[in-house]
Amino acid sequence: MEQKSVRESVVSSWTDDVVPSLSGLVAIPALSPAFDAGWADTGHLAAAVEHVRAWIAGRDLPGATLEAVQLEGRTPLLLVDVPATPGAADKGTVLMYGHLDKQPPVGGWSEGLGPWTPVIRDGRLYGRGSVDDGYSGYAATTAIEAVHAAGGEHARIVLLLETGEESGSPDLPAYVEHLADRIGEVSLVVCLDAGGSDYERLWLVTSLRGMLHLDVTVQLLGSAQHSGVASGVVASSFRILRHLLERIEDSATGELLLDELKVDVPANRLAELKAVAQDFPDALVTAFPLVEGGRVITEDALELALNNTWRPTLSVIGADGFPKPADAGNVLRQSTTLTLSFRLPPTADAEKALEAVKQALTTDVPYGAKVTLGSPQAENGWNAPTESPWLTAALRRVSDEVFGRPHRATGMGGSIPFMGLLSRKYPEAQFLVTGACGADSNIHVPDEWLHLDYAQQVTEAVAHILDAHARG
């Protein structure tokens with residue numbers, strides 16, 4: 001394909017067509033179902049699907065079919081099927097993935113900004129869902145159009161945009177099974193729900209951590225008691241729970257102690273992380289807004305990268321049973337509940353890890369306290385397959401011609417459950433997990449924003465990779 005023609009097509013589409021429609025998508029409060037129990041009644045997820053469906057329907061995708069699919073009781077999904085160009089029908093199916101659901105708005109947005117108010121400043125589109133991950137369907141469609149505009153080739157493409165990713169994609173396995181015949185045999189997966197440490201090069205994500213999530217409640221008293229009367233006689237539920245957590249995590253170092261949560265780091269992934277740590281020694285050290293005088297766990301860039309990608313971690317992300325400080329009397333509380341969020345190494349067995357955590361929390365509990373576990377969730381991570389020669393060559397080309405810098409590959413500390421599901425279902429497929437998200441894009445927090453120029457470059461790169469796949 002002609003480089004200039006691809007770029008001209010991408011830039012024109014983003015400027016004239018993508019940004020206005022994507023801004024409209026930002027304005028839809030399409031909360032993921034975990035954050036909107038009444039999502040079916042509010043209709044925001046369906047509205048997001050229809051908004052993007054209508055935009056794609058107006059694009060120049062010869063022979064494409066579009067359908068909003070919704071199984072009974074499940075969140076809606078947009079399916080776009082684009083036939084292969086002549087001569088590429090035997091190249092299998094490219095499955096392109098993104099999601100339209102969003103994280104909660106949360107407070108603290110800067111003056112003039114808001115979660116549902118699209119604002120463009122200094123080349124950035126602000127608003128919830130702009131970079132995570134509303135732009136992905138637009139980028140995928142624009143890349144396909146650019147291939148056609150430049151006279152290139154592409155295999156059959158199925159674009160799948162779900163609406164439950166921010167809730168752990170609970171409905172996606174059912175949809176993949178339901179649509180298996182329509183999806184066909186996948187030879188390439190393109191996921192645009194990722195990114196990297198800067199906006200100067202293409203970033204590949206080659207591994208994703210798995211996750212565990214559960215609530216744990218410790219109760220020793222049948223009812224709350226005056227702390228001056230009962231303390232020293234009855235142990236506090238918080239101290240018991242703290243003791244149980246020490247079986248799982250060394251609180252002094254953050255190291256997790258259960259063997260079922262650990263794996264050996266593959267040599268190729270360790271090499272990738274070493275390269276990134278050498279090129280970007282301060283990327284993780286300076287990535288987060290620490291308080292004055294605060295510091296990260298270690299100054300060693302490689303150790304931070306390993307901690308964030310191939311080592312398990314525990315975060316306490318919720319609590320119950322506590323009054324607000326202003327309402328706290330001298331009371332020994334009846335019970336303590338904490339919500340535990342574990343990130344697991346990409347190749348760890350999430351179900352075995354969950355059983356090990358349950359065992360640690362419920363065996364030989366001090367003082368005979370009652371332990372109740374609730375809302376368990378376990379998702380495996382993902383480790384990319386060995387790169388095919390055609391993909392290696394294509395990545396080198398787009399790195400040179402689109403970005404002018406070598407691409408980099410790294411792991412991502414978060415989870416995209418769909419990648420693990422697809423790698424098991426399509427073991428021969430190649431994976432391109434990339435995207436426009438940077439370390440400072442503020443996903444999940446106030447002032448989320450999309451780097452518009454970089455999103456265009458990622459789109460251009462994807463167009464060339466689609467063409468290379470068809471010719472490879």
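Strand β7 pairs with strand β18 (residues 430-433) in the parallel sense, over 4 bridges. Within this pairing, V189 stands opposite F431 of β18. The model described here is predicted. Strand β3 (residues 93-99) also runs parallel to β7 and is joined to it by 5 bridges; here M96 has V190 of β7 as its bridge partner. The two pairings of β7 are set out below.

| Strand paired with β7 | Sense | Bridges | Residue pair |
|---|---|---|---|
| β3 (residues 93-99) | parallel | 5 bridges | M96 and V190 |
| β18 (residues 430-433) | parallel | 4 bridges | F431 and V189 |

Of the 6 residues of β7 (residues 186-191), 5 are buried, so this strand is largely enclosed by the rest of the structure.

M96, the partner of V190 in β7, is also among the residues with the most contacts inside the largest nonpolar core, together with W14, L22, L450 and L466. This core has 74 residues, and helix α14 (residues 452-471) supplies its largest share, 10 residues. Apart from this core lies another, of 30 residues, including L256, L258, L344 and A356.

The surroundings of W14 can be given in detail. Leaving aside residues up to four places away in sequence, W14 touches V19, L22, Y135, A139, T142, L450, L452, A455, Q456 and T459.

A search of the whole structure for cavities of 30 Å³ or more finds 1. The largest cavity has a volume of about 30 Å³. Its lining consists of L208, R209, N380, G381, W382, S415, I416, P417 and G420, which divide into 4 nonpolar, 4 polar and 1 charged.

Definitions and conventions: Residues are numbered from 1 along each chain as its sequence is written. This is a predicted model: local features need pLDDT of at least 70, side-chain atom pairs count only at pLDDT 80 or more; totals for chains, interfaces and linings use all residues. Side-chain values use heavy atoms; hydrogens and water are left out. A nonpolar core is a set of buried Ala, Val, Leu, Ile, Met, Phe, Trp, Tyr and Cys residues joined through side-chain atoms within 4.5 Å. Buried means under 20% relative accessible area, exposed over 50%, partly exposed in between (1.4 Å probe, protein chains only). Contact means heavy atoms within 4.5 Å. On a 1 Å grid over the protein atoms alone, a cavity is a set of points where a 1.4 Å probe fits but cannot get out, and a pocket is an open set with protein on both sides within 12 Å along at least five of seven lines; lining residues have an atom within 4 Å of a point. Grid points are joined across faces, edges and corners, and a volume is the space filled by probe spheres set on the points. Ala, Val, Leu, Ile, Met, Phe, Trp, Tyr, Cys and Pro count as nonpolar, Asp, Glu, Lys and Arg as charged, and the others, Gly among them, as polar. Two strands pair if DSSP finds at least two bridges between them.
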